[in-house]
Amino acid sequence: MENILMIDSIGQFSTINNNETLHPLVNIVDLSKAEERQNRKSNYGFYAVFLKEIKCGDLHYGCNYYDYEEGTLVFVGPGQVIGVENNGELYQPKGLALVFHPDLLKGTSLGRHIADYNFFSYEVFEALHLSEAERKIIYDCYAKIKYELVRGIDKHSRTLIVSNIELLLNYCIRFYDRQFITRENVNKGILQKFEELLNNYFNSEKPKEIGLPSVGYCADQLNLSANYFGDLIKKETGKSAQEYIQFKIMDLAKERIFDATKSVSEIAYELGFKYPQHFSRSFKQHVGYSPNEYRNLN
């Protein structure tokens, strides 16, 4: 089994890539200064935003591969394993990396909301592809952060650096929204597959064997990360993926309630509820009537 390189600090990452450590908790690293090296997997103890300037091979992440294109942003959160398959060949890293430690964010607005930036847990193949105009904005954010690092640390440095990181991440939210829209046809294909997945799930024995389908389960079946899948469904339908699943369950429940040969408990178990009372409570919450009241009304 291939050893994973643990990179815990900003200083360690900077040194590995032949860059000066301008701040112990944050840096803009020019990857082209690194020496040629073999591919390997790494685990970062900090946040990283990679701006890839040229194609540079197949990045391996989990069970998926992704071929970088010019002007692509890849986000990595603390504890994630990222890297390329080690084929014994040397390659020259290219691009820029914004790296910042969670400790930099403590006590700041960004620190309180960093978990809201779901793209730090997207898969690599769900990367953000930038237009030329978008790439210029990202370069500008990088340049402002680099300016603060180079000019030396004073009492304003941390505030300005964190503010510019937050600005960059907020732009990335906007750009991802644009990407969801421009890939609407692809997204509709995923939505259709999601609907088919749920139909097949509830027409099988899986609800009795596994229980209610989770967002994670559906995302995994569609080869997407849970956060990217959730964001995509929200953009396409206005509902969260969990709400969409719940709506599907209640739609099926209302249909099956009409079968008077089955008890409410049988229907609950068929749909994947572990306890019938949980089904009854959920049904009343969403439909406005208990299962028996709904059956009697119809």
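The points below concern a predicted model and take up a central strand pairing, a helix contact and a surface patch in turn.

1. Strand 5, which spans residues 47-52, is largely enclosed by the rest of the structure, because 6 of its 6 residues are buried. Its side chains divide between two directions, with Tyr47, Val49 and Leu51 pointing one way and Ala48, Phe50 and Lys52 the other, and buried residues are found on both sides, Lys52 included.

2. Two strands pair with strand 5: strand 11 (residues 96-100) does so in the antiparallel sense over 5 bridges, and strand 8 (residues 72-76) likewise pairs with strand 5 in the antiparallel sense over 5 bridges. Within these pairings, Phe50 has Ala97 of strand 11 as its bridge partner, while Val49 is bridged to Phe75 of strand 8.

3. Ile190 lies in helix 5, which covers residues 184-202, and it is buried, since its relative accessible area of 15% falls under the 20% cut-off. Leaving aside residues up to four places away in sequence, Ile190 touches Leu222, Leu224 and Leu232. For one of these, Leu222, the separation from Ile190 is 32 residues in sequence and 7.6 Å in space, taken from C-alpha to C-alpha.

4. On the surface, a nonpolar patch is formed by Ile4, Met6 and Val81, whose accessible area together is about 220 Å². Of these residues, Val81 belongs to strand 9 (residues 81-84), and Val81 counts as partly exposed because its relative accessibility is 31%, a value that lies between the 20% and 50% cut-offs.

Conventions:
Residues are numbered from 1 along each chain as its sequence is written. This is a predicted model: local features need pLDDT of at least 70, side-chain atom pairs count only at pLDDT 80 or more; totals for chains, interfaces and linings use all residues. Side-chain values use heavy atoms; hydrogens and water are left out. Patches are made of residues with over 30% relative accessible area and no salt bridge: like charges are joined within 9 Å, nonpolar side chains (Val, Leu, Ile, Met, Phe, Trp, Tyr) within 5 Å. Accessible areas come from the Shrake-Rupley method with a 1.4 Å probe; for residues, only the protein chains shown count as cover. A salt bridge is a side-chain nitrogen of Lys or Arg within 4 Å of a carboxyl oxygen of Asp or Glu. Helices (H or I, at least four residues) and strands (E, at least two) are DSSP runs, numbered from the N terminus. Buried means under 20% relative accessible area, exposed over 50%, partly exposed in between (1.4 Å probe, protein chains only). Contact means heavy atoms within 4.5 Å. Two strands pair if DSSP finds at least two bridges between them.
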